[in-house]
Amino acid sequence: MMDIDPPKFVSKDDEIQYWMDLAHQIHRRKEDIERELEEFQENSQLLEKELEASLEQAEKANRELRQRNTRLATEVEQLRTRLDQQTTDCVMFQGKAQELQTQHDHLVKYIRELEQKNDDLERAHRINGVTEEEIKAKLNSAIEKIALLELEIDEIEALKVIVQRLMDENRDLKQEIQVQERHQPDNDKSADRVRNHVDSNKLQVELETHMPPNSPIVPQSIPTNNTATSPLKSKINNTLRKTKRMFCFGSKK
């Protein structure tokens with residue numbers, strides 16, 4: 001409260017006027033204070049509402065920040081786990097990279113060895129090709145020689161058959177002549193010579209007729225005595241021995 005020190009008044013009217021003026025001042029001041037109080041209360045309510053709204057917003061923001069913090073903490077933990085996993089994977093990949101590098105070096109070395117072996121095989125193939133051509137040429141030559149020898153052997157076999165048949169016919173003729181000589185002991189010797197000459201000519205004609213045109217054996221005149229077949233046998237045997245030697249020589253080649 002205000003301490004009022006009233007002055008000294010000259011008259012009652014001045015005192016009344018003074019106290020009335022003072023009462024009006026106090027009343028105006030009271031109204032001003034009440035108005036200020038109302039304004040203060042209104043401002044306080046507004047401020048309280050604003051503070052409550054701000055508090056709610058702050059609490060909401062705080063909750064959101066806490067949730068975000070929790071989420072970020074979870075993400076950080078996940079990222080840390082992923083980082084550990086990636087670190088492990090990186091170490092594993094480095095090991096695999098070293099293994100792959102080792103395998104690559106081994107494969108490069110193996111490829112070089114294969115290329116060297118391939119070159120050796122190609123060289124051996126070329127040598128084998130040349131050797132094969134030489135062997136084919138020798139084989140063809142041997143086949144030609146064998147074919148010629150087989151042809152000569154066939155001719156010799158045919159000659160042996162012819163000679164054997166002629167020898168059989170000659171033996172039969174001799175036996176027939178001997179039988180006739182036994183029954184006719186007084187026949188003329190000139191008739192025997194003519195008969196022997198005819199038989200030898202017949203044998204030579206038969207041999208020339210059945211002999212192949214390119215035969216290496218040329219038939220000779222067959223003698224008229226009993227030893228006429230011996231030179232022919234000797235010639236055939238000589239030809240057979242020569243053919244065998246040629247065949248053996250061709251087989252060795």
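**Exercise 1. Decide whether E36 is buried, partly exposed or exposed, and describe its surroundings.**

Solution. E36 has a relative accessible area of 51% and is therefore exposed. The classes are defined as follows: buried means under 20% relative accessible area, exposed means over 50%, and partly exposed lies in between (1.4 Å probe, protein chains only). Accessible areas come from the Shrake-Rupley method with a 1.4 Å probe, and for residues only the protein chains shown count as cover.

The structure is a predicted model, in which local features need pLDDT of at least 70, side-chain atom pairs count only at pLDDT 80 or more, and totals for chains, interfaces and linings use all residues. Residues are numbered from 1 along each chain as its sequence is written, and side-chain values use heavy atoms, with hydrogens and water left out.

Next, locate the residue: E36 belongs to helix α1, which covers residues 12-183. Helices (H or I, at least four residues) and strands (E, at least two) are DSSP runs, numbered from the N terminus.

Finally, consider the charge. On the surface, E36 joins E38, E39 and E42 in a patch of negative charge. Patches consist of residues with over 30% relative accessible area and no salt bridge; like charges are joined within 9 Å, and nonpolar side chains (Val, Leu, Ile, Met, Phe, Trp, Tyr) within 5 Å. Asp and Glu count as negative and Lys and Arg as positive, while His and the chain ends are not counted. The place of a charge is NZ of Lys, CZ of Arg, CG of Asp or CD of Glu.

**Exercise 2. Describe the overall architecture of the protein.**

Solution. Begin with the elements: the protein has three helices and zero strands, and their order along the sequence is α-α-α.

Then examine burial: of the 253 residues, 12% are buried. The accessible surface comes to about 21400 Å², and carbon and sulfur atoms provide 55% of this area.

Last, examine the contacts (heavy atoms within 4.5 Å). Among contacts with a separation of 6 or more, 59% are between residues 24 or more positions apart.

**Exercise 3. State which residues form a nonpolar patch on the surface.**

Solution. The patch consists of L107, Y110, I111 and L114, which together have about 370 Å² of accessible area. One of these residues, L107, lies in helix α1. L107 counts as partly exposed because its relative accessibility is 48%.

**Exercise 4. Analyse the salt bridges of the protein.**

Solution. Side chains of opposite charge can pair when their charged atoms come close. A salt bridge is a side-chain nitrogen of Lys or Arg within 4 Å of a carboxyl oxygen of Asp or Glu. By this rule there are seven salt bridges, including the three treated below.

1. K136 and E132 form a salt bridge with an N to O distance of 3.5 Å. Both residues are in helix α1, four residues apart, about one turn of the helix. K136 is partly exposed at 40% relative accessibility, and E132 is partly exposed at 41%.

2. E169 pairs with R165 in a salt bridge of 2.9 Å, N to O. The two residues are four residues apart in helix α1, so about one helical turn separates E169 from R165. E169 is partly exposed at 29%, as is R165 at 30%.

3. R171 and D168 form a salt bridge whose closest N and O atoms are 3.0 Å apart. Because R171 and D168 are three residues apart in helix α1, they are separated by about one helical turn. R171 is partly exposed at 42%, and D168 is partly exposed at 24%.
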